[in-house]
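User: Please take a close look at one helix in this structure and tell me what surrounds it. After that, I would like to see how other parts of the chain compare with that picture. I am a first-year student and would welcome plain words.

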Amino acid sequence: MGDVTSESSSSSLGKYLEHLSGAGRAIGVLTSGGDAQGMNAAVRAVVRMGIYVGAKVYFIYEGYQGMVDGGSNIQEADWESVSSILQVGGTIIGSARCQVFRTREGRLKAACNLVRLGITNLCVIGGDGSLTGANLFRKEWSGLLEELAENGEIDNEAVQKYAHLNVVGMVGSIDNDFCGTDMTIGTDSALHRIIEVVDAIMTTAQSHQRTFVLEVMGRHCGYLALVSALACGADWVFLPESPPEEGWEESMCVKLSENRARKKRLNIIIVAEGAIDRQNKPISSETIKDLVVKQLGYDTRVTILGHVQRGGTPSAFDRILASRMGVEAVIALLEATPDTPACVVSLSGNQAVRLPLVECVQMTQDVQKAMDERRFKDAVQLRGRSFEGNLKTYKRLAIKLPDDQITKSNCNVAIINVGAPAAGMNAAVRSAVRVGISDGHKMFAIYDGFDGFAKGQIKKIGWSDVGGWTGQGGSILGTKRILPGKYLEQIAEQMKNHNINALLVIGGFEAYLGLLELAAAREHYEEFCVPMVMVPATVSNNVPGSDFSIGADTALNTITDTCDRIKQSASGTKRRVFIIETMGGFCGYLANMGGLAAGADAAYIYEEPFDIRDLQSNVEHLTEKMKTTIQRGLVLRNESCNVNYTTDFIYQLYSEEGKGVFDCRKNVLGHMQQGGSPSPFDRNFGTKISARAMEWITVKLKESAGKGKKFTSDDSICVLGICKRNLVFQPVAELRQKTDFEHRIPKEQWWLKLRPVMKILAKYEASYDVSDSGKLEPLRPRSGHGHGEPAAI
């Protein structure tokens, strides 16, 4: 687990971190504007990465105010000053709105304070206002220094030596209102808060047949409202970017009463605080409540979530996002030259990218301008494809057209869950059923996997049968690990009896194996010559053809929460090391990413072989750590990482070697990782990817309509997944070469590139390939690279 430098670090294969040195450089890090969960993870990553490359890193307390006031507001940070902050919400270095910095005098003072400490690299974590300020500061920098020299506050040598200011931004904002990035730091955590509240409100609303109007944050951006509406299946949503059509009062009341008529005992309406109508007049939650009470007489309550959304502990997604961005920001600062424009490090699909700060800010302001000028279509488009896609999916799933307005396709589509249960499977089933029905298909649910398929446990499933499924964990249809191979004849028989024209499989590695078996059986059974598509759903995240699986985010949050509690217990006892075993089969995703999110000292995984020397070096590392103020250790071990170095073995080895320095405890997390209600990410991901799979089935069926065409080509049995930045349909036949069947994992896994990040942040030497980063990308073209379509998460 120690140094994993391979020969390639010095060869021409890639550009490695070793080639970048921060010696003699000073970096200032500040958080500004409204706080957001995950800011601390970003601060921690900047400080540790900065120290790792040999730079000095300074905390700038209280945002720009601290930069202007100087003195004790700017202090050098060390490794331990960012210990134990990963799981803390808000920002430990404080944030303030600063009027003085908007004046030239303010910026002059700030420049003086920075130059005296030799700080010429700034890492700013905040919203668009904070980043705009930083960019202006950068432009004025040389002028400010000259003025300071004229006033005799600094000498001419300093003007020469510190001639340029480099600026890199990270967007910390719960609203996700910044153009150019799929997710801003804090958005996922804010969604966690909203969904916790919605889930709690649903149980009480259900009991009393109530209507709830929920107001969420987002003065100028409806992202939180839209995604939470999508994730809880709300009846109606109000957004600033996409106001309701004229006469919405009538349509909404009709919709609410229709849902009640379908035996739905509650209604949920979600309102962004900045919601407006087509005339740009505000729509308040009270107005909506009064309308529902007056028109329908329903018992209606308003809940305003307010600052709850900013609080609480950051989600696993936000911690990993912020840690990756923080590391990327330091590399961007080291690589910056006087000619490099200020950039923002951001997320596209699951890749870190650098974008020009000025253009992102400009585009973000264009959205507001479009809304002010009532060009709402433009506003939605400028928000980016993630927003547009969410809105489209929400509309399809929330509003059912009357049967006589749906063109019938005369096709029957069946949905099946295969493998172990994963949180978010039910959201995927709901979404597929509703998209299928609105495309005119008859939808069938297969219960209990391929086993149930063979026994004929198949029922027609309707629009309202899947109401309220998004928040349910596990698999309502029932799921089994049994493969279809033994039952091919019975399954073919059932497909014939029910006249199944297409199959959507939602599941893990067994689902993938099952599709391979059905593909191979096509030559013997013509019933299998129909379009089949698989949506990956497994906590292990080990399905070839996709970087993410439904359920993995929920499991990661469970692991992270548990590790937080365990770390808390360990820091109380002092000098204690915990060894935690995670699930995942041979796939180290949960152990590795859980280690990154929980701030572990080491994570043992099958993909990176380790021997007794590595274990020894980890013990020595922990022994050293116990001499500092951080007297606790956390080690994660994937359940199948090594047949001989079991959790017990590692526990006993650590106990013996650490005698007198630290004591050990072990914890096997087990099946709690498969349970629980799905995280907002999994609900949303499941909903969107499954809707997309259903659209693919519709297109395939339309191609063959009336031709009686049999589907025999490879591209009619696919896995739908996210690959880098694109949503891609890949034939299972092509994925065969990319699979390690013995260990049930893909041969190449993207997240292994993040191993060095975890090690560096835990104070290990590691070789980090930075050749992927470094190119500043233009903001506009986000069309798919190669085949597939852009994946916005």
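Analyst: Let's begin with the vocabulary: helices and strands here are DSSP runs, at least four residues long for a helix (H or I) and at least two for a strand (E), and they are numbered from the N terminus. Please keep in mind that this is a predicted model. With that naming, the chain has 24 helices and 25 strands. One place described by these names is the loop between β3 (74-76) and α3 (104-116), where S84 sits. We will come back to S84 at the end.

The helix I have picked is α19, which runs over residues 589-598. Are its residues buried or exposed? Buried here means under 20% relative accessible area. By that cut-off, 10 of the 10 residues of α19 are buried, so this helix is largely enclosed by the rest of the structure. You can pick them out in order: Y589, L590, A591, N592, M593, G594, G595, L596, A597 and A598.

What does α19 pack against? The partners of its buried residues are both helices and strands: the helices α10 (316-335), α18 (552-573) and α24 (755-761), and the strands β17 (576-582), β18 (602-604) and β19 (632-638). Just after the helix comes G599, with a positive phi of about 70 degrees.

Two of those neighbours, α10 and α18, also pack against each other, at an angle of about 85 degrees and with 8 Å between their axes. That angle makes α10 roughly perpendicular to α18. On the α10 side, the residues that meet α18 are A316, F317, R319 and I320; on the α18 side they are D553, L556, N557, T560 and D564. Sorted by class, this contact has four nonpolar, two polar and three charged residues. A helix makes one turn every 3.6 residues, so positions three or four places apart point the same way.

There is another crossing to set beside this one. Helix α7 (residues 223-232) packs with helix α22 (residues 680-704) at about 75 degrees, and their axes are 9 Å apart. Here too the pair counts as roughly perpendicular. V227, L230 and A231 come from α7, and they meet R683, N684, T687 and K688 of α22. In this contact, three residues are nonpolar, two are polar and two are charged.

Now let's step back to the whole chain. Its radius of gyration is 27 Å, close to the 28 Å that the globule rule gives for 793 residues, so the chain is as compact as a globular protein of that length. Along the principal axes, its C-alpha atoms fill a box of roughly 90 × 70 × 50 Å. Of the 793 residues, 62% count as buried, and the chain exposes about 29,900 Å², with carbon and sulfur atoms supplying 49% of that area. Among contacts between residues at least 6 apart in sequence, 79% join residues at least 24 apart.

Single residues show burial outside α19 as well. F453, in helix α15 (residues 449-455), is buried, with a relative accessible area of 0%. Setting aside residues up to four places away in sequence, F453 touches I416, I446, Y447, I458, I491, Q494, M495 and L503. Y487 is 34 residues from F453 in sequence, and their C-alpha atoms are 8.9 Å apart.

W463 sits in a loop, the one between β14 (458-460) and α16 (488-497). At 6% relative accessibility, W463 is also buried. Beyond its neighbours within four places in sequence, W463 contacts R262, R396, L397, A398, I399, K400, R434 and I437. S72, by contrast, lies 62 Å from W463, C-alpha to C-alpha, and 391 residues away in sequence.

Finally, back to S84. Its relative accessible area is 36%, which makes S84 partly exposed. Its phi is near 65 degrees, a positive value in a residue other than glycine. N410, in the loop between α13 (385-398) and β12 (412-418), also has a positive phi without being glycine, near 55 degrees. N410 counts as exposed, at 69% relative accessibility, whereas the residues of α19 are buried.

Notes:
Residues are numbered from 1 along each chain as its sequence is written. This is a predicted model: local features need pLDDT of at least 70, side-chain atom pairs count only at pLDDT 80 or more; totals for chains, interfaces and linings use all residues. Side-chain values use heavy atoms; hydrogens and water are left out. Buried means under 20% relative accessible area, exposed over 50%, partly exposed in between (1.4 Å probe, protein chains only). Contact means heavy atoms within 4.5 Å. Axes are lines fitted to C-alpha atoms, for helices over the stretch in contact, and angles run from 0 to 180 degrees between N-to-C directions. Angles under 35 degrees count as roughly parallel, over 145 as roughly antiparallel, 65 to 115 as roughly perpendicular and the rest as oblique. Ala, Val, Leu, Ile, Met, Phe, Trp, Tyr, Cys and Pro count as nonpolar, Asp, Glu, Lys and Arg as charged, and the others, Gly among them, as polar. The radius of gyration is taken over C-alpha atoms; the globule rule is 2.2 Å times the number of residues to the power 0.38. Accessible areas come from the Shrake-Rupley method with a 1.4 Å probe; for residues, only the protein chains shown count as cover.
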